[in-house]
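Hi there,

Here is the structure I promised to pass on to you. Have a look at it first, and then read my notes underneath.

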There are 2 protein chains.
Amino acid sequence: MTTRTDLPASCVTALEERFEPELFQALCDPVRLGLVAHLAASGRALTVTESAQCCGIHFSGVSRHLALLKRAGVVRAEKHGREVHYRLEVGALASTLRGLADALEACWEEGQRASA
Amino acid sequence: MTTRTDLPASCVTALEERFEPELFQALCDPVRLGLVAHLAASGRALTVTESAQCCGIHFSGVSRHLALLKRAGVVRAEKHGREVHYRLEVGALASTLRGLADALEACWEEGQRASA
DNA sequence: GATTTAGTTGCATCATTGCGCATGTATACT
DNA sequence: AGTATACATGCGCAATGATGCAACTAAATC
């Protein structure tokens with residue numbers, strides 16, 4: 001029998017739950033990575049106009065990027081008057097990344113035992 | 001003077017160094033995420049043909065996906081005869097993710113102090 | 001109420017990307 | 001040598017995504 005059928009399927013699904021494609025899709029664009037870095041370095045919430053100053057594109061594109069990051073749970077939007085403040089969800093993002101690292105290693109070790 | 005110029009620029013660049021777009025670009029595709037999960041759960045190196053069994057696409061596409069993951073440093077390729085074994089770089093990937101989480105939080109806190 | 005400012009969104013364009021198929025290359029088998 | 005297997009890659013197509021511009025909404029200012 002092949003080792004393939006011995007793969008810990010529960011582990012795969014557990015990983016795929018953590019592997020939200022939305023998150024990585026949100027972070028795969030260099031402009032959005034720049035935005036996240038800028039938001040992180042600011043240590044506070046930034047308006048769209050402020051955020052747009054870090055990347056050389058039209059601010060309407062920045063607005064779209066921020067909306068996408070919001071859908072992915074990377075940032076949170078707070079409306080103050082006519083301006084919208086986008087705040088990086090540092091804690092959530094960091095723990096998601098760490099949880100992913102943990103799950104990867106746990107899954108790998110479990111797979112090693114199973115295929116031994 | 002605006003607070004924008006007070007942004008800790010060193011922190012931004014430090015983050016952007018860790019924010020390799022290649023990594024997230026490698027992980028933003030659902031098929032590749034499935035491959036990584038499959039490789040992680042296997043606990044060993046898999047051939048292209050074995051890897052292809054987790055995703056419903058032609059194996060030539062899987063070969064391309066694995067090559068991309070290799071360029072991003074997510075997997076390592078070992079040639080054994082006529083077959084190529086792709087092994088997940090679990091340790092490197094996990095520590096990259098954790099390093100990213102740490103850098104994000106450090107950057108955020110430094111930014112908070114600067115903007116206070 | 002009219003005007004300015006901050007953001008969002010529809011639209012058209014352009015570039016990327018994923019995909020299957022066919023072909024090419026290297027290794028194993030007979 | 002000839003064939004079969006494992007993988008990589010060039011090609012064309014279809015789908016997706018990023019961008020700028022312009023039109024729109026909402027809130028502040030006059």
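**What I found**

Helix α5(B) supplies the largest share of the surface near DNA strand D, with 4 residues. Please keep in mind as you read that this is a predicted model.

Let me stay with DNA strand D for a moment. It is surrounded by 22 residues, and the closest are H65(A), T49(B), S63(B), R64(B) and Y86(B). Of the atoms of DNA strand D that come within 4 Å of the protein, sugar and phosphate account for 69%.

Which individual contacts might you want to look at on this strand?

- R32(A) has a polar side-chain atom 2.7 Å from a phosphate oxygen of DNA strand D.
- S63(B) likewise places a polar side-chain atom 2.4 Å from a phosphate oxygen of DNA strand D.
- R64(B) reaches a base: an N or O atom in its side chain is 2.3 Å from a base oxygen of DNA strand D.

As for the elements that give two or more residues to this surface, chain A contributes α3 (30-42) and α5 (59-71), while chain B contributes α4 (48-52), α5 (59-71) and β3 (83-88). Sorted by kind, the residues of the surface near DNA strand D are 6 nonpolar, 9 polar and 7 charged.

Is S63(B) buried or exposed? With a relative accessibility of 31%, it counts as partly exposed, because that class runs from 20% to 50%. S63(B) lies in helix α5 of chain B. Its C-alpha is 9.1 Å from that of S51(B), and the two residues are 12 apart in sequence.

Now to the other DNA strand. DNA strand C is also surrounded by 22 residues, the closest being T49(A), S63(A), R64(A), Q25(B) and H65(B). Here sugar and phosphate make up 64% of the DNA strand C atoms that come within 4 Å of the protein. Phosphate oxygens of DNA strand C lie 2.6 Å from a side-chain N or O atom of Y86(A), 2.5 Å from one of Q25(B) and 2.6 Å from one of R32(B). The elements that give two or more residues to the surface near DNA strand C are α4 (48-52), α5 and β3 of chain A, together with α3 (30-42) and α5 of chain B. On this strand the largest share, 4 residues, comes from α5(A). The residues of this surface divide into 6 nonpolar, 9 polar and 7 charged.

Away from the DNA, have a look at the strands of chain A. Strand β3 (residues 83-88) runs antiparallel to β1 (residues 46-47), joined by 2 bridges, and L46(A) stands opposite Y86(A) there. Strand β2 (residues 75-80) is antiparallel to β3(A) too, with 6 bridges between them, and V75(A) faces L88(A) across that pair. The hairpin of β2(A) and β3(A) has 2 residues between the strands, and G81(A) takes a positive phi near 65 degrees in it.

L88(A) comes up again in the interior. The largest nonpolar core has 76 residues, and L88(A), L104(A), L88(B) and L104(B) touch the most other members. Leaving aside residues up to four places away in sequence, L104(A) touches L15(A) and F19(A) in chain A, and V36(B), A40(B), L88(B), V90(B), L93(B) and L97(B) in chain B. In soluble globular proteins, nonpolar side chains tend to be buried together.

Best wishes

Conventions
Residues numbered from 1 in each chain as written. Chains lettered and ligands numbered in written order. Predicted model: local features only at pLDDT ≥ 70, side-chain atom pairs only at ≥ 80, totals over all residues. Heavy atoms only, no water. Pairing = 2+ DSSP bridges. Near = heavy atom within 4 Å. Polar contact = N/O pair within 3.5 Å; in protein donor to acceptor, adjacent residues only side chain to side chain. Nonpolar A, V, L, I, M, F, W, Y, C, P; charged D, E, K, R; others polar. Core = buried A, V, L, I, M, F, W, Y, C linked by side-chain atoms within 4.5 Å. Buried < 20%, exposed > 50% of the residue type's maximum accessible area, 1.4 Å probe, protein only. Contact = heavy atoms within 4.5 Å.
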